[in-house]
Amino acid sequence: MNFLKSLPALVVGAALALGASAHAADYKGEYKVSTVLGKPFPWGEAAEKWAELVSERTDGRIHMKVYPNAQLVSGDQTKEFTAMRQGIIDMAVGSTINWSPQVKELNLFSLPFLMPDFASMDALTQGPVGEKIFEAIRKQGIEPIGWAENGFREVTNSKHPITSPADLDGLKMRVVGSPLYNDIFTALGANPTQMSWADAKPALTTGAVDGQENPLTVYDVAQMETAGQTYITLWHYVADPLIFAVNKRVWGSFSDEDKAIVKKAADDAGAYGIGLARKGMTDDDQSLIKALEARGAKITTLTEEQRQKFVDATRDVYSKWKDRIGADLVDMAEKSIADR
Ligand code: X2X
């Protein structure tokens, strides 16, 4: 009799327990997060912060582990997006450059001399252009949820200061995975070779290439001066934002509450990472630039007139890629920058 009385409560209790465990069973024991650069690069710091915040805020329900050096795709960073779509990678903090072979719109950030300053980058990522870019990524089965930053990519080399396109003449340059970079450096008279980050450092150290382009924070942490990269020119020609993203099936498996937590954590980790990515190279804080000089780097800042020569030399590349990316999107970006 007693037992019968308590039966409904038991049934309800069992159903609740089942519901909870069925839900937990949908979650993996570990979510693999891919990055190219790990800690202490700002990129790796942002990814680690994301994982940390999510773990804290979900009481460990969602456990993310960061796999740097594009190791989940054997170092081939241009395969990261595809591997995430296939579910080999659950999540990533990825550079717009590395995903641009699959999402053509992402080449926008690599249009030479489109973005003159940090405010322009923010105007794109935080405005209607950013929404369009996220739509394009979503169409390919990936859920984009936030932005971080690798940074303005400055050109370095082991031979001499670069102040005009003529200084790039014949230089062997390591470039990243979008064909747009081949076009830019070819237009400038250099001899570009596409190479993964994994191959870039040894190629610089042995002198197989003369130069490369990457943000100053990357130069700093990778200690590129020890690989002979003495000459740096601050030309701010392109900048690569980073995107926090999740495989669609993984995203769909999260409860609404957890989706909100994972997204908010990406926003917070993004703000943290962007702070690190810009540290020491803003108008009121030049400490990173000074520190690199103290380590032996010879840094050239271009005058407006000198910079214009690089702009002119890459104008045809800009036009060609504007059409490939989508002229409407590029027009929208130009407007967002003008109105910033
Ligand atoms: O390969 C590079 O140069 C790097 C690390 O900046 C990117 O992944 C785009």
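Author: Let's start with a term: a helix is a DSSP run of H or I spanning at least four residues, and helices are numbered from the N terminus. In this predicted model, Ala-313 is found in helix H13, which covers residues 304-313.

Reader: Thanks! How many helices and strands are there in the protein?

Author: The protein has 15 helices and nine strands. Along the principal axes, its C-alpha atoms fill a box of roughly 95 × 40 × 35 Å.

Reader: And how do I read burial? What share of the residues is buried?

Author: A residue is called buried when its relative accessible area is under 20%, exposed when that value is over 50%, and partly exposed in between. Here, buried residues make up 53% of the 340 residues in the protein.

Reader: Let me try that on Gly-44. Where does Gly-44 lie, and is it buried or exposed?

Author: Gly-44 lies in helix H2. Gly-44 counts as buried because its relative accessibility is 0%. You can also look across the chain from there: Gly-44 and Pro-68 are 24 residues apart in sequence, and their C-alpha atoms are 7.3 Å apart in space.

Reader: So I should read sequence distance and spatial distance side by side. What do the two values look like for Ala-291 and Phe-185?

Author: Those two are 106 residues apart along the chain, with 28 Å between their C-alpha atoms. Ala-291 lies in helix H12, residues 287-294. With a relative accessible area of 33%, Ala-291 is partly exposed.

Reader: Back to Ala-313, then. Is Ala-313 buried or partly exposed, and how far apart are the C-alpha atoms of Ala-313 and His-236?

Author: Ala-313 is partly exposed, since its relative accessible area is 29%. The C-alpha atoms of Ala-313 and His-236 are separated by 15 Å, while the two residues are 77 residues apart along the chain.

Reader: Now for the ligand. How do I read its surroundings, and how many residues surround the ligand?

Author: A residue belongs to the surroundings if one of its heavy atoms lies within 4 Å of the molecule. By that rule 13 residues surround the ligand, and the closest are Gln-77, Asn-98, Arg-153, Arg-174 and Asn-214. Sorted by class, this shell has five nonpolar, five polar and three charged residues.

Reader: Which polar side-chain atoms should I inspect, and how far do those of Asn-98, Asn-150 and Arg-174 lie from oxygen atoms of the ligand?

Author: The idea is to look for pairs of N or O atoms within 3.5 Å. Asn-150 places a polar side-chain atom 3.1 Å from a ligand oxygen. For Asn-98, the distance from a polar side-chain atom to an oxygen of the ligand is 2.9 Å. For Arg-174, the corresponding distance to a ligand oxygen is 2.7 Å. As for cover, on its own the ligand has 270 Å² of accessible area, and the protein covers 100% of that.

Reader: Where does the ligand sit?

Author: You will find the ligand in the largest cavity. While you are there, follow Arg-174 to another residue: Arg-174 and Asp-199 are 25 residues apart in sequence and 9.4 Å apart in space, C-alpha to C-alpha. Asp-199 lies in helix H8, residues 197-205, and is partly exposed at a relative accessible area of 46%.

Reader: What about loops? Where does Ser-100 lie, and which backbone oxygen lies 2.7 Å from a polar atom of its side chain?

Author: Ser-100 lies in the loop between helix H4 (96-99) and helix H5 (118-125). The backbone oxygen in question belongs to Ile-97. Ser-100 counts as buried because its relative accessibility is 3%.

Reader: And backbone angles? Which residues are joined by a cis peptide bond?

Author: For that, check omega: a cis peptide bond joins Lys-39 and Pro-40, with omega at about 0°. Pro-40 lies in the loop between strand S1 (31-34) and helix H2 (42-57).

Reader: Phi is the other angle I hear about. What is phi of Asn-69, and what is phi of Ala-70?

Author: Phi of Asn-69 is near 65°, a positive value in a residue other than glycine. Ala-70, also not a glycine, has a positive phi of about 45°. Asn-69 sits in the loop between strand S2 (64-67) and helix H3 (80-86), and Ala-70 lies in the loop between S2 and H3. Asn-69 is partly exposed, with a relative accessible area of 46%, whereas Ala-70 is buried, at 1%.

Definitions and conventions. Residues are numbered from 1 along each chain as its sequence is written. This is a predicted model: local features need pLDDT of at least 70, side-chain atom pairs count only at pLDDT 80 or more; totals for chains, interfaces and linings use all residues. Side-chain values use heavy atoms; hydrogens and water are left out. A polar contact is a pair of N or O atoms within 3.5 Å; within protein, one must be able to donate a hydrogen and the other to accept it, and residues adjacent in sequence count only if both atoms are side-chain atoms. Accessible areas come from the Shrake-Rupley method with a 1.4 Å probe; for residues, only the protein chains shown count as cover. On a 1 Å grid over the protein atoms alone, a cavity is a set of points where a 1.4 Å probe fits but cannot get out, and a pocket is an open set with protein on both sides within 12 Å along at least five of seven lines; lining residues have an atom within 4 Å of a point. A molecule sits in a cavity or pocket if more than half of its atoms lie within 2 Å of its grid points. Ala, Val, Leu, Ile, Met, Phe, Trp, Tyr, Cys and Pro count as nonpolar, Asp, Glu, Lys and Arg as charged, and the others, Gly among them, as polar. Helices (H or I, at least four residues) and strands (E, at least two) are DSSP runs, numbered from the N terminus. Buried means under 20% relative accessible area, exposed over 50%, partly exposed in between (1.4 Å probe, protein chains only).
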